[in-house]
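User: Please take a close look at one part of this protein, the open sheet and what packs around it. How is that part put together?

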Amino acid sequence: MTELILTQPDDWHVHLRDGDMLQETVPATARCFHRAIVMPNLVPPVTNAQLAAEYQARIQEAIPSGKSFTPLMTLYLTNRTTTEDIVTAKNSGVTAAKLYPAGATTNSDAGVASLQQLYPVFESMAEQNMLLLVHGEVTDCHIDIFDREHKFIEQHLQPIVETFPTLKVVMEHITTKEAVQFVSGASDIVGATITPQHLMLNRNDLLVGGIRPHNYCLPVLKRNTHQEALQEAVCSGSRKFFLGTDSAPHEKHKKESDCGCAGCYSAWSAIELYAQIFDDLGVLDKLEGFASHFGADFYGLPRNTTKIRLIQEEWTVPESITLPNGEPIVPFHAGQVLQWKLDQAFSG
């Protein structure tokens with residue numbers, strides 16, 4: 001096989017940031033994705049419908065001429081979020097709301113400290129058919145960072161799913177076999193996104209031979225047995241698992257500082273990375289469902305009608321990219337060779 005023609009994919013989890021950064025992240029995402037679920041963890045966070053509309057307008061201004069790209073907006077949940085906020089946001093076109101446990105990841109300090117307080121909000125979301133997107137980690141300091149995902153499932157996510165059986169839930173960027181098992185065994189309205197870094201890497205790639213800051217993300221990379229569970233999930237062709245890059249840009253000096261930022265910037269090679277993964281696993285026939293069909297179906301949105309073309313051609317991910325402010329950023333898999341390349345001249 002020397003080419004792949006796919007229904008144009010969507011990214012169901014991406015960080016575009018704000019300000020000048022949008023001039024880099026929006027074109028990078030729009031080069032292959034038709035839609036993207038945009039994370040709301042700005043500073044200050046996107047906590048209401050008005051802020052979401054203003055942020056969407058800034059993103060739209062950065063879309064390259066001639067590109068068809070739709071940012072799907074999300075609300076940042078806090079313990080001050082009200083049921084009225086949910087109704088207003090839904091009526092204004094906001095697609096989902098994001099649950100960040102306070103302190104779990106980048107710009108999450110304003111996140112949720114008490115999940116029980118949000119139960120009326122979850123009930124309203126179920127009534128409004130607004131999806132709940134979950135960063136599934138506990139933040140208790142006594143719990144090992146490698147155990148925080150499966151502890152969150154036990155302590156919080158299982159009770160939420162049981163209490164609100166009509167609430168659509170996406171467990172974002174899953175990293176463990178426990179998460180795969182939970183999602184697989186849950187109802188059809190519980191799904192999960194899987195990133196390229198968690199499919200390609202395990203914690204050896206972060207820690208062996210010295211700390212590799214550009215492979216540092218949250219949730220953190222886990223054992224190879226968990227990596228294998230994620231690979232088995234995408235190989236299964238289950239409709240519960242779909243593409244979400246969690247592409248998260250940080251300037252090079254912020255990643256390589258004495259307190260480096262978490263996040264992998266994969267936007268400029270995202271679909272090629274997934275094609276490489278599925279090819280290496282021997283399941284290229286499963287790529288289109290994962291990348292182009294299952295996410296749209298889960299969100300209740302129409303599948304895209306446009307196509308993209310990938311050609312089998314070696315190319316090297318750049319060692320760095322220069323941001324609009326002149327600062328360098330190191331993309332995920334920098335300097336590594338991939339075997340599939342997006343044909344950007346293709347129009348289908």
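Analyst: What follows describes the sheet, then the helix on it, then the nonpolar cores. The model is a predicted one.

The open sheet is built from six strands with parallel pairing, and their order is β5-β6-β7-β8-β9-β10. At its edges stand β5 (74–76) and β10 (241–243); each has a single partner strand, so one side of each is left without a neighbour in the sheet. On average, neighbouring strands are turned by 30° against each other, direction ignored.

At the β10 edge, the pairing with β9 (residues 190–194) is parallel and runs over three bridges. Ile-194 has Leu-243 in β10 as its bridge partner. Helix α5 (residues 148–163) packs on the sheet and touches β6 (96–99), β7 (131–134), β8 (169–171) and β9. The direction of α5 makes about 175° with that of β8.

Turning to the cores, the largest nonpolar one has 81 residues, and Leu-77, Leu-99, Phe-122, Met-125 and Leu-132 are those with the most contacts inside it. Helix α11 (residues 270–280) supplies the largest share of this core, six residues. A second core, separate from it, has 15 residues, including Ile-37, Met-39, Ala-96 and Ala-296.

Leu-99 shows what such contacts look like in detail. Leaving out residues up to four places away in sequence, Leu-99 touches Leu-77, Val-112, Leu-115, Leu-118, Phe-122, Leu-132, Leu-133, Val-134, His-135 and Phe-152. Among these partners, Leu-77, Phe-122 and Leu-132 are also named with Leu-99 as residues with the most contacts inside the largest core.

How values were computed:
Residues are numbered from 1 along each chain as its sequence is written. This is a predicted model: local features need pLDDT of at least 70, side-chain atom pairs count only at pLDDT 80 or more; totals for chains, interfaces and linings use all residues. Side-chain values use heavy atoms; hydrogens and water are left out. A nonpolar core is a set of buried Ala, Val, Leu, Ile, Met, Phe, Trp, Tyr and Cys residues joined through side-chain atoms within 4.5 Å. Buried means under 20% relative accessible area, exposed over 50%, partly exposed in between (1.4 Å probe, protein chains only). Helices (H or I, at least four residues) and strands (E, at least two) are DSSP runs, numbered from the N terminus. Contact means heavy atoms within 4.5 Å. Two strands pair if DSSP finds at least two bridges between them. Axes are lines fitted to C-alpha atoms, for helices over the stretch in contact, and angles run from 0 to 180 degrees between N-to-C directions.
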